[in-house]
Structure formats: C-alpha cells, structure tokens
Amino acid sequence: MIENIDISLIGWSRAQFALTAIYHWLFVPLTLGLGVVQAVMETIYYKTGDEFWKKTAQFWMKLFGINFAIGVATGLILEFEFGANWSNYSWFVGDIFGAPLAVEGIVAFFMEATFIAVMFFGWGKVSRGFHLASTWLTIVGATISAFWILVANAWMQHPVGMAFNPDTVRNEMVSFWEVALSPVAVNKFFHAVLSGWIVGAAFVVGVASWFLLRKREAKFALASIKIGAAFGLLACLLSAWTGDGSAHQVAQRQPMKLAAMEGLYEGRKGAGLVGIGVLASGKQYNDGSDPFIFKVEIPKMLSFFAERNLNAYVPGITNLLEGGYTQRDGTPALSAQEKISRGKLAIQALARYRTAESDSLRQQARAALDENFRYFGYGYIRHPADLIPPVGLTFYAFRVMVLLGGFLLLLFAATCYLSYRGRFAAKRWLQWVCLASIFLAIIAGQAGWVVAEVGRQPWAIQDILPTSAAISKLPASSVRLTFFIFLTLFTVLLIAELKIMLSAIKKGPEIG
Amino acid sequence: MLRIFRFYVEGFRSMTVGKTLWAIILIKLFIMFAILKVFFFPDFLGPLGSPSDKEEYVAGELIDRAAEAEE
C-alpha cells in the first residue's frame, strides 16, 4: 500500500522555498548593484585624491555592509530545505547541483570574504591602490558567487551536460562546461546581475534624493545621483537586451512558460505580444473561450521575440498539450498524453532495470530508459492540464517586471539628463518618485523571479522531475510550522535591517 | 600572520554599527544552525546510512510516486 503524497505538502514546501528565496533576493541584488556603485566612487577617489569622494564612497560602503551582514547566510537556508524537504530532488541531481555550489563556496565566497575585510578595515592601513583593488575584488567575488548559483538554477530550467545513472539513481555530470556555459545559464546570469545593478542604482538615486528632499548634503546627493542614474540607465538598457535573450531562450526551451507569460492558448503565426491585458477567470485550456477580457497587443512581436521572425509560429498552451503542430526541426510535436506515456515507460524501465535478474534483461531495460529518459518526469503527471503553470500569476508578474523595467529606464534617463544639466535639485516631485522607485526596482526583480520559477511549474527539473516526485515525504504540518517560523524570523531580521539602515542614512555621510 | 591578526582585531575594535551587525549575524547563525538545522531541517536521507540504502530508497520513491499518479 502506497502512502500518497499530501497535495498541501507540495504547496507548503513550495511556499516555504519561495519565501526563503524571495527574502534572500532582497539582499543579493543590493549587494551586487551597490557594490559596483561604491567601487566606481572609490575609483574616482583613487584617481582624484579628493576626500569628498572618499567620504561618499565610505557612506555607501557602510550601507553595503549593513545589507551584506543582514543578508549573509540567508541563502544557506535554501540548502537546508533541499536536504530536508526536497530530498528526492537532492539525491537525483547528484553532483550537477553540488559542483557549481561547491565552486561558489570555495572560490567566490572565500574571495568575497577575504577582500571584504580589507575593504572595511583597510582604510589608511593599506595603500589606496590595494584598497581599491580589494573593493573591486569583493564585488567581483559576489558576482562570481551569483554566477554559480544561477548556473545551478539554469540547469533546473534546461538540464544539460549530464547522464542519468540508474544504478545510483543520480544524474552524473558528463560536461562541466556544458553545464556552466549553457546559453540559459549565461543569459540568466547577466539578466539577474543586471537586475541587481538596477536595484543598486535605484537605491543610490532614491536615498540621495531623500537627502535633497531634506535639504541636506546637496553636493554629496547630486554627485551620487549622477553616478547612480548613469549606472542605472546603462543597467536598464543592458537588461532590456538580456531580457530579449531570456524570452528567446524560454521560447526555445520552455514553450509552456512562454505561453503562460502571454496567456496564449491557441498558437498562431505572426503572434502578437500582449502589452497590457486582463485575463478571464475560469479559462480551461480546451474550452475554446477567449482567455482575455481585454488586451492591447503589439502585432507580430511575440513571434519575433520567440523565433526572430515576425511570421513564425508560436504554440499556445492548448497546442503544447494536444501536440501535432510542426516543430522547428520539422517533426510533429508530441501531445502531453504521449509524453506522459513515454515518461511512464521510462519509469517502468528504471524499475525493471533495478530488479532485472540477467544482464540481457538489464540491458533491455537500460535501452528503454535511455530512449525515454527525456520524458521521465511526465510519468508523474496525472492529467495533461497539470502541465499548465499558474497562468494568471505568470502573466501578471511578467507585465509587472517589464512595465516597471520600462518605467525605471525612463526614470534613470530623465534623472541622468536633469542631473547632468544641473536641474535635478529643483525637481522635488521627481525626487519623491526616485525615493519610491527603490521599492519599484525591488518589486521588478522579484516579479522576474516569479515569472522564472512559477512559469516552469510543475517542474523541479524541466521535463525530468516534477515537484510531486522531488519532494520528501514529510508531514505537511511540519513544513507549515517552519514556514511560519521563517516568516517570523525573516520579518524580525528585516525590521532590524531597516532600522539600522535608516539610522545610518539619517546620520548621513558627514561631509563637512 | 601577526600583522594580519592585528589588522582584524583593530578592525573589529573600531567598528561602530558593525558591533550590532555582528550580534545580529551571530544570533542569526545560532538560530539557523543550532535550532533550525538540528530540529527542523535534518537531512531527510541521513538516517538511511549508506549510499546504497539511499539509492534504494530514492529509487523506490521515484517508482512508487509514478504508481501514485496512476491511482
């Protein structure tokens, strides 16, 4: 008798992981972005020898330190959760997931930890050049650290460079470089880091605007705004570019996610990109009803983003489930039901392989497993509709990210123009907008992760392992309990950070 | 080595906001490793012992879960 997995266990485990990841991602982008801004400021100090820039860099460095200290090690909780809540997943991914995390821990984290001490304690004790190098190496270490984490995440979205070993029930890495330099990993790294730069830039411009609103430290504030806005503008432009790359990658590797991002049920050639829209509730993939109450579409743009061709065919949710359409390589797409059947064949082959009493039976089972392994995860899917991610959340989160990104691009452009023209100090309404934009930048980054992670449901590893098979058989009540413990702990820590951060900001840079 | 040690000691001594932050970091690490990890997040497969037992368990889980999906 098999004890069935409690559906609420999956929900609570996902909620707990999401809570931890969202909390962790409050600190990471600010570390990545603010780190670069302070390093640029220190570079100016190094070049000019002007004490003003030293004080300016030190002020932002103090805020960087507060953020770093509160955020440090919060990512480790995710690793606890892998071992406790997602044990099947942790075993199944084997060294693929472990290798990038190990490299991250050994190289990047220690590099970051070593140089951060020189950065904070080394003023006046080491040469200016060595101090500057330490500051840059701290942020380079943090960025490399992010790279390896994002490599691990990208592998879950697009598993490559591995072979499944049915003896150990683990995926084994066959090509480190294929894992590390997969196009999904590279694009994800740049897009995520750039989103961090945008948060850092918005933070600098917003906090500096607060000083202007309080009529304090005008020289410091305007100098910080000039650098922050220029940096933010650059990051927004690059982020739009990598975002385009990201959409293209999703279209190639995770078409269901793209269809959910667009609320696209019926595929077509020359598909338009929904600019804004409101989804109808209760839509079923096969009921033929209009998924939108209203929408404004940019003609042919989705086809262009997905396939670099204005008239290319983009499959919708219904097509992806029913199959039959012609794929890029000219072959007909399998239906979800066919994939589910292939997945079951793969799992049955695994079972036969492990109980086979002769080599020939084992070889037959192995051949069947290898032939169907790319559909392994579909064997756990009860109904084709279970392959549809939460469309509403994915659709709206994508629009929040893109619209806020566009807004921030315009804001940084306007701030940059006005500050370099010497007219920003008089625009108090814009200073209020800049202050509020700190939160908007954070929301944009979080919304991006919601698109990436909610949009790939039900998969823990794309096509290979759904969350229902990845999860540990725990009582849902214990996961629910730890969810609320985390919620309490994270709230307390966040309040502590905000209090310390606000206190440091109020104190100001103390420039004569 | 002594110079590096002194560098760190003087650095920590001269911290202002940093002392509060270190207190928060230490409390956070204590909660994470001494409470959460020990009582709430034990390694689920840890008690199974040897790698072969873990393999057997996960293989059983993966095969049985597919059967659950058919029920």
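Which residues in helix 18 of chain A meet which residues in helix 2 of chain B? The first legend picks that up, and keep in mind throughout that this is a predicted model.

**Figure 1. Helix 18 of chain A against helix 2 of chain B.** On the chain A side, Thr482(A), Leu489(A), Leu493(A), Ala496(A), Ile500(A) and Ala504(A) make the contact. Facing them from helix 2 of chain B are Val17(B), Thr20(B), Leu21(B), Ile24(B), Lys28(B), Ile31(B) and Phe40(B). Sorted by class, that contact comes to 10 nonpolar, two polar and one charged residues. The helix axes sit 12 Å apart and make an angle of about 175°. Anything over 145 degrees counts as roughly antiparallel, so helix 18 of chain A and helix 2 of chain B are roughly antiparallel to each other. Helix 2 of chain B covers residues 17–40.

**Figure 2. The wider contact of chain A with chain B.** Zooming out from the helix pair, chain A puts 43 residues into the contact and chain B puts in 33. On the chain A side, the elements giving two or more residues are helix 2 (51–71), helix 3 (76–85), helix 4 (87–93), helix 5 (95–121), helix 13 (336–355), helix 17 (467–470) and helix 18 (476–507). The class tally for this side of chain A is 28 nonpolar, nine polar and six charged residues. As for chain B itself, its domain assignment gives domain 1 (1–40) and domain 2 (43–71). Taken over C-alpha atoms, the centres of domain 1 of chain B and domain 2 of chain B are 39 Å apart.

**Figure 3. Helices 8 and 9 of chain A, side by side.** Here helix 8 (residues 183–213) of chain A packs on helix 9 (residues 218–253) of chain A, with 7 Å between the axes and an angle of about 155°. That angle makes the two helices roughly antiparallel. Their crossing is left-handed. The contact of helix 8 with helix 9 has 22 nonpolar, 13 polar and one charged residues.

**Figure 4. Helices 13 and 14 of chain A.** Helix 13 of chain A also turns up in the contact with chain B, but this view is about its packing with helix 14 (residues 359–372) of chain A. The axes of helix 13 and helix 14 are 8 Å apart, at an angle of about 150°, so the pair is roughly antiparallel. Helix 13 passes helix 14 in a left-handed crossing. From helix 13, the residues involved are Arg342(A), Leu345(A), Ala346(A), Ala349(A), Leu350(A), Arg352(A) and Tyr353(A). They meet Arg362(A), Ala365(A), Arg366(A), Ala368(A), Leu369(A) and Asn372(A) in helix 14. Split by class, the contact holds eight nonpolar, one polar and four charged residues.

**Figure 5. Thr20(A) and Trp86(A), two buried residues.** Thr20(A) belongs to helix 1 (residues 7–48) of chain A. It counts as buried because 21 C-beta neighbours lie inside 10 Å. Leaving out residues up to four places away in sequence, Thr20(A) touches Ile77(A), Leu78(A), Glu81(A) and Phe486(A). Along the chain, Leu32(A) is 12 residues from Thr20(A), and their C-alpha atoms are separated by 19 Å. Trp86(A) lies in the loop between helix 3 and helix 4 of chain A. With 23 other C-beta atoms within 10 Å, Trp86(A) is buried. With the same sequence neighbours left out, Trp86(A) touches Glu81(A), Ala470(A), Ile471(A) and Ser472(A). Trp86(A) and Ser468(A) are 382 residues apart along the chain, yet 9.9 Å separates their C-alpha atoms.

**Figure 6. Backbone oddities in three loops of chain A.** Start with the peptide bond between Gln457(A) and Pro458(A), which is cis, with omega about 15°. Pro458(A) is in the loop between helix 16 (428–454) and strand 7 (459–461). Next comes Asp463(A), which is not a glycine but has a positive phi of about 70°. Asp463(A) sits in the loop between strand 7 and strand 8 (465–466), and is partly exposed, with 19 other C-beta atoms within 10 Å. Arg308(A), also not a glycine, has a positive phi of about 60°. Look for Arg308(A) in the loop between helix 11 (301–307) and strand 6 (313–314). Arg308(A) is exposed, with 11 other C-beta atoms within 10 Å.

Notes:
Residues numbered from 1 in each chain as written. Chains lettered and ligands numbered in written order. Predicted model: local features only at pLDDT ≥ 70, side-chain atom pairs only at ≥ 80, totals over all residues. Contact = placed C-beta atoms within 7 Å. Helix = DSSP H or I, 4+ residues; strand = E, 2+ residues; numbered from the N terminus. Nonpolar A, V, L, I, M, F, W, Y, C, P; charged D, E, K, R; others polar. Domains from an automatic or database assignment. Axes fitted to C-alpha atoms, helices over the stretch in contact; angles between N-to-C directions. Parallel < 35°, antiparallel > 145°, perpendicular 65-115°, else oblique. Left-handed = near helix turned anticlockwise from the far one by under 90°. Buried ≥ 20, exposed ≤ 12 C-beta atoms within 10 Å, placed from the backbone.
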